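Subject: Structure handover and notes

Dear colleague,

I am passing on the structure we spoke about, together with some notes on what was found in it. Please have it open while you read, since the notes move from one part of the chain to another.

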Amino acid sequence: MSFRVGWHNLLERLDELPEGATFRTPLSNDRFQITGVQEHRVIIRFTDNGESRPLQQDQFETLYRRVSDSTGGFDLDRLPPDADPYPTVLSLHPRFEVNDDRGVIIETEEPTTSLLLDEGAPPDPDPDERTEPDLDVYADALLLVDALERHEVTALEAVETGVLIDLYTLLSDVQRNADDLRKEIADTLLDRLHHDRPVSGSYGSVQRTARTNRSLKDDDKVLDTLEAAGIDRDRVVSVDRGKVDDALEVTDVAESDVYETEETEYVRKAEVDEDRKETRLQGLKDQLAASDADDADQLRDEVEELESRIEELTEFKSGQSYHTRSRSDR
């Protein structure tokens, strides 16, 4: 194998390294990371002092030939000053390995290991990177904003009946799912909050409070206690609606004789076409995934607008994006 072929194989291995991968030098055990991979050099940075250093291609070629010409491996003690990182980087090639016990770097056909200490923690999430949560409230909110943007709703009298029905259905679903999610979040927050100590987020603050719920004890016990205190039981006895309803069922007394009635009309959701919702929602997702850069940016802006418009309903911030990461210094 020529050095030119081996060098490009090594560069390919370096390009595949995870961000933050940490290595050690075989003699001084100094820790370093590879911060740049270029055609004629590799740039490293020592983690202890932050010093950056380029490792030149011609120095790798010299080490490569000395290792290839040796019979039992090249003695690491023969390295020139400041050359300690070279065998570590070269050992990333599948044909070279550092043998700490013998203090040599060898060329071998067997599977090899490198001086990789840590593959590196995944990078901190980009605050601008958005992901799509698997939540009903998010899906319904996305559909709701889509409907609001496609129809003029500032003058409801001019909106078609079918559109109003769709809006009412989506608003109802968003409210229900938002209430369910808000309750789950509140239950989780209870374990993290202390009384009388508000905790702030980006958009507001919450505080743990206590509420006292009262329920009367047995009727006879309550009446006897109050009567003993000089309170006439007639002053605290009231008509029980449940008992009145039971009485109406076994008598000829009309409901209007004991109830003041007033009839009001309202709209309620009868059913939801989940298949239609899912089809439209998938269409929005596919549109975002297939859009070119300009369209994708516009759709992302629309999703961000979604959050601000429904924040008071959902109290939940979410979104979706497609993100490509590029490695620096390449």
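In this predicted model, Trp7 touches Gln38, Glu39, His40, Arg41, Val42, Gln57 and Phe60, once residues up to four places away in sequence are set aside. Trp7 belongs to helix 1, which covers residues 3-15, and its relative accessible area is 1%; because buried means under 20%, Trp7 counts as buried. There is also a pairing across the sequence to look at here, for Trp7 and His93 are 86 residues apart along the chain, while their C-alpha atoms are 8.6 Å apart in space.

As for the chain as a whole, it holds 10 helices and 10 strands. Of its 330 residues, 29% count as buried. When contacts with a separation of 6 or more are considered, residues 24 or more positions apart account for 58% of them.

A second buried residue that I would ask you to inspect is Thr88, which sits in helix 3 (residues 85-90) and has a relative accessible area of 0%. What does the side chain of Thr88 reach at 2.8 Å? The partner is the backbone oxygen of Arg24, and Arg24 also appears among the residues that Thr88 touches, the others being Phe23, Thr25, Pro26, Phe32 and Leu115, again not counting residues up to four places away in sequence.

Next comes a sheet. Three strands form an open sheet in the order 5-7-6, with antiparallel pairing; strand 5 and strand 6 are its edge strands, each pairing on one side only. In general, strands of a sheet pair through backbone hydrogen bonds, either parallel or antiparallel. Here, strand 5 (residues 74-75) is joined to strand 7 (residues 104-107) by two bridges, and within that pairing Phe74 stands opposite Ile105, whereas Asp75 has Val104 as its bridge partner. On the other pairing, four bridges join strand 6 (residues 96-99) to strand 7, and Val98 stands opposite Ile105. Ile105 of strand 7 therefore has Phe74 of strand 5 opposite it in one pairing and Val98 of strand 6 in the other, as the ladder is defined by bridges between paired strands. Strand 6 and strand 7 also form a hairpin with four residues between them, and Gly103, in the turn, has a positive phi of about 70 degrees.

Finally, there is the second largest pocket, whose volume is about 400 Å³. Its lining is made up of 16 residues, and those that lie nearest its centre are Asp166, Leu170, Asp273, Arg276 and Lys277. Which helices each supply at least two residues of this lining? They are helix 4 (136-150), helix 5 (161-190) and helix 9 (274-290), and helix 5 gives the most, with five residues. By residue class, the lining divides into eight charged, six nonpolar and two polar residues.

When you go through the model yourself, I would suggest taking the parts in the order used above: the surroundings of Trp7 in helix 1, then Thr88 in helix 3, then the open sheet of strands 5-7-6, and then the lining of the second largest pocket with its 16 residues.

With best wishes

Note on methods:
Residues are numbered from 1 along each chain as its sequence is written. This is a predicted model: local features need pLDDT of at least 70, side-chain atom pairs count only at pLDDT 80 or more; totals for chains, interfaces and linings use all residues. Side-chain values use heavy atoms; hydrogens and water are left out. On a 1 Å grid over the protein atoms alone, a cavity is a set of points where a 1.4 Å probe fits but cannot get out, and a pocket is an open set with protein on both sides within 12 Å along at least five of seven lines; lining residues have an atom within 4 Å of a point. Grid points are joined across faces, edges and corners, and a volume is the space filled by probe spheres set on the points. Ala, Val, Leu, Ile, Met, Phe, Trp, Tyr, Cys and Pro count as nonpolar, Asp, Glu, Lys and Arg as charged, and the others, Gly among them, as polar. Buried means under 20% relative accessible area, exposed over 50%, partly exposed in between (1.4 Å probe, protein chains only). A polar contact is a pair of N or O atoms within 3.5 Å; within protein, one must be able to donate a hydrogen and the other to accept it, and residues adjacent in sequence count only if both atoms are side-chain atoms. Contact means heavy atoms within 4.5 Å.
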